[in-house]
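Me: I should like to understand how the terms used for a protein model follow from their definitions. May we go through them in order?

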Amino acid sequence: MKYFSQLKAALFLASLIPFVRLAWFGYTNQLGANPIEFITRSLGTWTLVFLLLTLTITPLRNLSGWSWLIKLRRMAGLFAFFYALLHFITYIWLDQFFDLHDIYKDVIKRPFITIGFAAFIMLIPLALTSTNAMIKRLGGKRWLLLHRLVYLIAICGVLHYWWLVKKDITQPLIYATVLATLLAYRVVIKNLKTKQANRL
Amino acid sequence: MLIKKPDDIKASEITDKQVYLSRRDFMSATTLSLGALAAGMAAPGLILGSREAEASTAIKLNDLRKSALSTSEGLTPYKDVTSYNNFYEFSTDKYEPAKLAGTLNPRPWTITVEGEVKHQKTYDIDALLKLAPLEERIYRLRCVEGWSMVVPWVGFSLSELIKQVEPNSNAKFVEFISLHDPKQMPGQRSGVLDWPYVEGLRIDEAMHPLAILAVGLYGEVLPNQNGAPVRLIAPWKYGFKNAKSIVKIRFVSKPSPSSWMKANANEYGYFANVNPTVDHPRWSQARERRIGEFSKRETLMFNGYAEQVAQLYSGMDLKKFF
């Protein structure tokens, strides 16, 4: 693709918009009555969005035939980690103010926090092994196996949101539907490939 | 029944609304430093003017009596009290009711009192406003979600109305039924809760002097998003007990489940007393974030009203009757 590097730069900047928006809202006092809740929810939302975007790239490449799409997947994944990290820091710092005892109790006792915490922990090795050097060091097969964790992470992320909501599950349901579609696509493709292989 | 009253506060000790409005600049400074740190946006000292100093256009309620039951704690800014509302009749998003509640028409409005009472009657809202002298009641409000406010409500003790309608000996519970009109309350088109919103109190709870019918806040008529024109406030209970936009008050011998009990009986009980030792099944109730404050504070038993209300529940297992 001719303008790939420009496109990638533009997408990089666009991916920073949710962060810049929060900083701007904080700066201009537009975070509402409960700023910490607003920041936490916004960062959580964008983590989910970037996780789902990451998982959309492969199906989109297959369906469209645009092979250059795959070169955006790492960036999308790293932005998912970026927003997850900020979400996590917001919880530890602004929400709990480093009260390790309470954080520990939360992680142990609250299923929605347990699962969110687990998802974040699983994201760390994926972010650390995202470099070309790490892919080489691990070897493609092992790297691929490790990075399949992203499916589990996305499921945990959606459940984290689902279990937090008091009653109105509309929003988590939207994320769950998109994720289910993306995972179902992979299952279908895999089955088709197995059938083809059997025929050969 | 001995009802201990907190120390009286002088009017001069209640901090001025405008002073409280400026407390939030602290929060904006915090987020600013976070943003500046990470994004390299080094521009301290340029905090834009607070948008909270907007003039209110609401109707003033005059000649309010001070109450010995008021707290002297700092008030939550008017802007926050009127823009951060759980009012599922409009939206499940707390910032939306303030934008959407314009469709609610609090005049004309009637409140029907029925059931096990001597005098079943329908009050016009303007007659209800004159039922008893209006008082300012500055109460803590603790939401089941873990945040709290201090709100200067305007209203009168619910007991004043109860005495007037004379419940009979079958009247053991009081139900509060909110308006059910999807035209005025578009959120009711969704089945997120079983409409109309129903809440209830045991009759002795309802007679407690702390329980009020609120018709205003900050010396003004209740804004729509806060449950205009009349709502319940029982400050020792979680916020959801306080039915908004009440059209019916029914005296009954047996309690019927509240809207939230019907939605999830494991998570929301009939009493819903603020209790830091009984967690919501999915989150802790030990601490709360006071709106406008950075650090969480300890949640107090019965939201700090234990001295006044604990005797209502003596001998009861509050873990069972949550």
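**Strand S5 of chain B and its sheet**

Reply: This is a predicted model, in which local features need pLDDT of at least 70, side-chain atom pairs count only at pLDDT 80 or more, and totals for chains, interfaces and linings use all residues. Residues are numbered from 1 along each chain as its sequence is written, while chains are lettered from A and ligands numbered from 1 in the order in which they are written.

Me: What makes strand S5 of chain B largely enclosed by the rest of the structure?

Reply: A residue is buried if 20 or more other C-beta atoms, placed from the backbone, lie within 10 Å of its own (exposed if 12 or fewer, partly exposed in between). In strand S5 (residues 173–178) of chain B, 6 of the 6 residues are buried, and therefore the strand is largely enclosed. A strand here is a DSSP run of E with at least two residues, and a helix is a run of H or I with at least four, numbered from the N terminus.

Me: Which residues point each way from S5(B)?

Reply: B:Phe173, B:Glu175 and B:Ile177 point one way, B:Val174, B:Phe176 and B:Ser178 point the other way, and all are buried. In a regular strand, side chains alternate between the two faces of the sheet.

Me: Why is S5(B) said to pair with S6 and S10 of chain B?

Reply: Two strands pair if DSSP finds at least two bridges between them. S5(B) has 5 bridges to S6 (residues 198–202) and 6 bridges to S10 (residues 246–252), so both satisfy the definition. Each of these pairings is antiparallel. B:Phe176 stands opposite B:Glu199 in S6(B), and B:Val174 stands opposite B:Phe251 in S10(B).

Me: Why is the pairing in the sheet called mixed?

Reply: The open sheet has 5 strands in the order S2-S1-S10-S5-S6 of chain B, with mixed pairing. Strand S1 (residues 110–115) and S10(B) pair in the parallel sense over 4 bridges, whereas S5(B) and S10(B) run antiparallel. Strands of a sheet pair through backbone hydrogen bonds, either parallel or antiparallel.

Me: How do you know that B:Ile246 touches B:Phe176?

Reply: Two residues are in contact if their C-beta atoms, placed from the backbone, lie within 7 Å. B:Phe176 is among the residues that B:Ile246 touches, as are B:Ile111 and B:Val230, not counting residues up to four places away in sequence.
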